[in-house]
Amino acid sequence: MASERIDSPELPDFTILKRLARDQLIYILEQLPGKKDLFIEPDLMSPLDRIANVSILKQHEVDKLYKLEDKPIYSNCDQLCFLIRPRIKHVKFIANLVRSDKASARNRKYKIIFSPQKFYTCDMVLEQEGIFGDVTCDEWSFYLLPLDDDIISMELPEFYRDYFLEGDQRWVGTVAKALHLLNSIFGPVSKTYGIGRCSKMVFDLWRDLLEDDEHDQKDRRSDLGLVFMIDRDVDYVTPMCSQVVYEGLVDDIFRIKCGSVEFGPEVTSCDKSIKVLLNSQDKVFNEIRNEHFSNVFSFLSQKARNLQSQYDKRQGMDIRQMKTFVAQELKGLKQEHRLLSLHIGACESIMKKKTKQDFQELMKTEHSLLEGFEIRESISFIEEHINRQVSPIESLRLLCLLSITEYGLITKDYRSLKTQYLQSYGPEHLLTFSNLKRTGLLTEQAPGETLTAVENKMSKLVTDKAAGKLTDAFSSLAKKSNFRGIGKKLGLIPRVDGEYDLKTPKDMAYIFSGAYIPLSCKLMEQVLQRKGWTGLEEVTRLLNGNEFAEQLCDRNSGSQRTIVAVFLGGCTFSEISALRFLGKEAGYKFIFLTTSITNGARMLESMMETKS
Amino acid sequence: MDFYTANWYPMGSVYYRKFDCYRMEWDLRDGFRECLVAAGPYAGTVALMRNYCAKPGRPILEIYSAAGVLLSSIPWKSGQVVHLGWTLTQDLVCIQEDGTVLIYDIFCAFKRHFSLGSEVKQNQVLEAKVFHTEYRTGIAILTGALKFTVASNIDDVKLRRLPEIPALRGPPTCWTVLFNDRVPLVLAAVGPDLYLLDNTSCTAVTLPGMSPLAGSALQMAVSFNYKYLAVFTDTGYIWMGTASLTDKLCEFSSDLRQAPKQMAWCIRPGSRNIALALMWEKLIFLVGRAREGVHFPLDEPSFIVPELDGIRIVSSSTHEFLHEIPKVTEDIFKIASMAPGALLLEAQKEYEKESQKADDYLREIKDQNHLSDAVENCIEAAGYEHAPEMQKSLLRAASFGKCFVEKYSPADFVTMCQDLRILNAIHDYQIGIPLTMTQYKQLTIQVLLDRLVLRRLYPLALKICEYLKFSDFQGVSRILAHWACYKVQQKEKSDDEIAQAINQKLGDTLGISYSEIASRACECGRTELAIKLLEYEPKSEDQVPLLLKMKRSNLALAKAIESGDTDLVYTVVTYMKNEFNRGDFFMTLQNHPVALSLYRQFCKHQEPETLKDLYNQDDNHLELGNFYVRSSYGAEKRVEGRVAELQNAVEEYNKAKSELAARATEDQIKLLRNQRALQDKVDKPYLDFSLHDTVYNLILDGMHKKAEQLYKEFKIPDKRYWWLKISALAEKEDWEELEKFSKSKKSAIGYLPFVEICMKHQNKVEAKKYIARVGIEQRVKAFLLVGDLDQAAESAIEHRNEQEMNMVLSRCASAADNTIVEKINRAKSLILKK
């Protein structure tokens, strides 16, 4: 793969964000002196682990650690501390606990630490449940978790559902605050581009925050150049495609959680699972993460041979040389060896799953959907997929991809596929379909609606929206994808003669085996190249508008080549790989700020109503 | 400057000086007769209540600046006032006979009142005193029942009744308030005895070093800092000592017998000298440690105001200040002084005259290495001067002297110039605040600014802030905000006019809170003005609460939504929920979708029933349907209950004209009933399986008939049914049944899946049975599936299909397959040749 351009800027060191978060947490814990038990909600466990380990917590008089689950607790401690996201469910759970303690005349101190912030609803619930005075609250402003040198996650997977499905804007301010934090430590940012309603709202709030402390923003060297914000619903196609770049594949198959993955026995070839941190510190991983999967195996075997030859150096060493070898190199080699065998194991496990005929056909179907050929064949493939109950999520993903690439499903198909799906996976998915319709992921073409009619209606809706009459929920109801048109305008489907060269790719399409350039990344490339939206009017019209470009500070203090790519609603590893590729080609350095790392499965799971 | 010391009066070795501050502007023909007078500390304003006990005609309350300029007046309409006093924050305290205490500001605007209790009301107030501690103002009362009541903080009134003085016949001849560790005590004189009253006890005390023959106390005075106490007895004896009553400082025997009208300490902070001023009708008598006192005759009736560093003497025509001359001033101006400061002052004068003597003087100071002292002294002394000319000449001397000092830091000089400019500005008779440098330093500039604001002297306060280069936040914006708050109270001007005027002046000055100003406007009942002002407030979190307070909830909601702060939206929504009736509340929400979706989120967790009502209100049948479906999986556990919920859903879906959803739900009802029947029959959990899983399990359980029935009842597509059945049979490894099924009719999915499914369960023998029936185009695939490369190659060659041949080739790995490879290659070349 292309090597780094010399003129590309350095990445700022984001570890300071971790230190800030840790210091604040310690401060909060010390506000409750004495021994205390800490209850942590499951979603915060992994992020917390990246910030402060158990021994740090113990140092600050945390006695026992519990996972906050919906079941009774057994703690003898007189002080209970809860570390939660600001969700009503958790607050109610704590309220019940406090009340049952009261009923049994148990006197304890309770402290709720909300991360990253408390919402008014939490207070409302505490008040309604009658325990407002019994607990103390704190906010742990832990907005940003650096997952890697260039990835910062807010670890808010619910952002997607809350905003894009429920029309709940509560996290919008949180993202603005997070951006503000990033800006105040590493900024100032000189210019911001964005597309999407949510991006616009975040930007407006962020600008208000900036204006509030404008006076101390002057004369600082900046590590950041530009910001590009994008709403997830601008590009639904990309996350609905199967990922074939190594890191994305690992995420699809093993689920990377907060930057680490748990490889099961089938990978580790022993009887226990191993948790591995996946980031640039892992030398082996760092070299293959952005590679198309077809290249990974040969790379790994090459690597194994190199490793062996380094081991072989031992032969013919005298005692002294051996001593330095053991002292200096052996440990590194062993480490590399361990990682190498893990990744080889992972690859084998992936190969087993992916080389089946099913997968080939799945890829073929996805590619024909993207290209818009052989739609009927694709539909029957999907139908068979559903009938054979291959996987509820996969089936749904294909349905969504079909819908987004085809301006929605025609009524006949929609009805039959939906009925089939319900028969296969259960009627409760009636709600899932209703949710998908609302977000625009899976829609039904209104009868008799041609493309132009849709477009006319769209533009009318856009103007209505300007009058403030249309809600997010409604606008997404009417949201019809214009993928074909956009694809043509931006050249998202590369026309290649012969085989696409995956070993030395020439564009970002390699992350989808040369079939498709992710829309989100292509948009960024175009805007960065054109230094604005001029010339993209047709595209933005098809994308529902809401694009903006705003100068924030006049001086170009920092490098204009460092770009913070902000994904509202999550970003996929494929997009990260694509932009890293673009960065290397064009001499940019991308920093990814996302509400969470996502993929098709995560997005669709969040659309399902949990049975509880 | 020969006459400079003309107004100096020596008392022992200490000099005192009395100078005019102002010719009074006021017109008091009758002097202070029939008047209650009170002057505030730190050059405060003067309150006068004329005819305060005149029966005919109402008393008039007037408030003057220290220069006698009338600030405000009102006819007094309340009860009989016994005592007037000022608080530290320049509010006027009027203590009435009936125990009511009324508080007014300097513009005679009533602020508040409180009562000292029914006991005081019953017995009436005989005498009262207002006293100050560092941060608060208190009052002490002597009631008609001869009991003392003390409230040590009038901002937070807690009354304390002090114990009675035993065998008391008449009121004490005199009394005062002392402090012991911040707790106020009362010292009262009854005949020759003195009593100290604290919270619990009444103790008879004697003053140390006072002769028992000294007589009964007629008057007593505590110093400004409550450190010293002075007592005047009917033998003309004056005792001066500490207020802790532990030490005597000095005593003085005068030949005066009559009780003085007023007594006040005249001391300078930091000085070890003490002096007490006693005032009679025509005389002020100053006594101290020296054997002789100093007499200051008075032309007209006056009153004295104790200050931190001296006393103010106010009469109907003048306002004078009497204080001890500071050491530096004395050193410089004492006749024939050779102190460095004095020499420097001389040197500078000679220099101005272009005389060489200047050099002589300078040399003399420099020889003694005193030049920097001299400069410092001149600077310091300038601060003690009242007249600008004297200040100037001293500063000129300092400025001259500092040129000859190496590395002199001008900070002190600059500060002194700044301070003096400010003091001179406020000394002007139109402002009338005769603060001395010592008082000013104690008071601090912040408090001075507050006082100017209180006097509504906004322009001057602004000028001072600008002059001192205060940050906007500390200075200008604070004052402008006060100005604006005052402005909104001007009833005669229109809302628009005021809002505009305020915005014009304030603009976007940093630190201005428009919401505070609006809040004031709202308090004055000017809601419209408040709303106009709020438009300028950039912070929504400040706008919204006030709008709610003014009951403009719709506007508040709009602002909250605009702000993007969901917490604010919830604040308004909660408010509306409590204030509005349900119908209106829902209507409002419908008009604000952002608020609606937020509230829905809340209801989902906290009030599910409300959620239903919301959908009902909106006739949103689709969502209602979804709601019922959701609850059929949620709270409801019994099958009948779930069916009932689903039936509701069907109804709603029908109303919403969503046939598909209605049908799917109806199917689900049917399925649930079937599942329950099954569960009862076979004692195996069937509930909550999907249709597919239900049929699949039926086949696994061998209930083929039932499965067939469901297949028909639910119109399961053939393809699905075939897939389902062969998968289930294979899982069950019921190969016989599978074969039977394959022959029952023509397969809807072809026969390749049969091969696949057998292979999935590693049954090659069974798989092979079906190969023959697999369609020609898929036969190669089938052979490959069972691993029969030979056959696969055969049929690929037969078909002459290159793609198929390649597929076979790709499977050939081991050496044993070489023959096959060759065969295919041969066939391929054959095709090519053709």
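**Exercise 1.** Are H5(B) and H6(B) roughly parallel or roughly antiparallel to each other?

*Solution.* The model is a predicted one, and the two helices to compare are H5 (residues 371-383) and H6 (residues 388-402) of chain B. Their axes lie 8 Å apart and the helices pack at an angle of about 160 degrees. Since angles over 145 degrees count as roughly antiparallel, H5(B) and H6(B) are therefore roughly antiparallel to each other. The crossing of the pair is left-handed. On the H5(B) side the contact includes B:Leu371, B:Val375 and B:Ile379, and on the H6(B) side it includes B:Leu394, B:Leu395 and B:Lys402. Sorted by class, the residues of this contact are 10 nonpolar, 2 polar and 1 charged.

**Exercise 2.** Determine which side chains of strand E26(B) are buried, and how the strand is paired.

*Solution.* In a regular strand the side chains alternate between the two faces of the sheet. Along E26 (residues 294-297) of chain B, B:Val294 and B:Phe296 point to one face and are buried, whereas B:His295 and B:Pro297 point to the other face and are not buried. E26(B) pairs with strand E25 (residues 283-288) of chain B in the antiparallel sense, over 4 bridges, and B:Pro297 is the bridge partner of B:Leu283. The two strands are joined by a hairpin through 5 residues.

**Exercise 3.** Is B:Thr149 buried or exposed?

*Solution.* B:Thr149 belongs to strand E13 (residues 148-151) of chain B. Its relative accessibility is 4%, so B:Thr149 counts as buried, the cut-off being under 20%. Leaving aside residues up to four places away in sequence, B:Thr149 touches several residues, among them B:Val120, B:Ile139, B:Leu159 and B:Arg160.

Notes:
Residues are numbered from 1 along each chain as its sequence is written. Chains are lettered from A and ligands numbered from 1 in the order in which they are written. This is a predicted model: local features need pLDDT of at least 70, side-chain atom pairs count only at pLDDT 80 or more; totals for chains, interfaces and linings use all residues. Side-chain values use heavy atoms; hydrogens and water are left out. Axes are lines fitted to C-alpha atoms, for helices over the stretch in contact, and angles run from 0 to 180 degrees between N-to-C directions. Angles under 35 degrees count as roughly parallel, over 145 as roughly antiparallel, 65 to 115 as roughly perpendicular and the rest as oblique. A crossing is left-handed if the near helix is turned anticlockwise from the far one by less than a right angle, and right-handed if clockwise. Contact means heavy atoms within 4.5 Å. Ala, Val, Leu, Ile, Met, Phe, Trp, Tyr, Cys and Pro count as nonpolar, Asp, Glu, Lys and Arg as charged, and the others, Gly among them, as polar. Buried means under 20% relative accessible area, exposed over 50%, partly exposed in between (1.4 Å probe, protein chains only). Two strands pair if DSSP finds at least two bridges between them.
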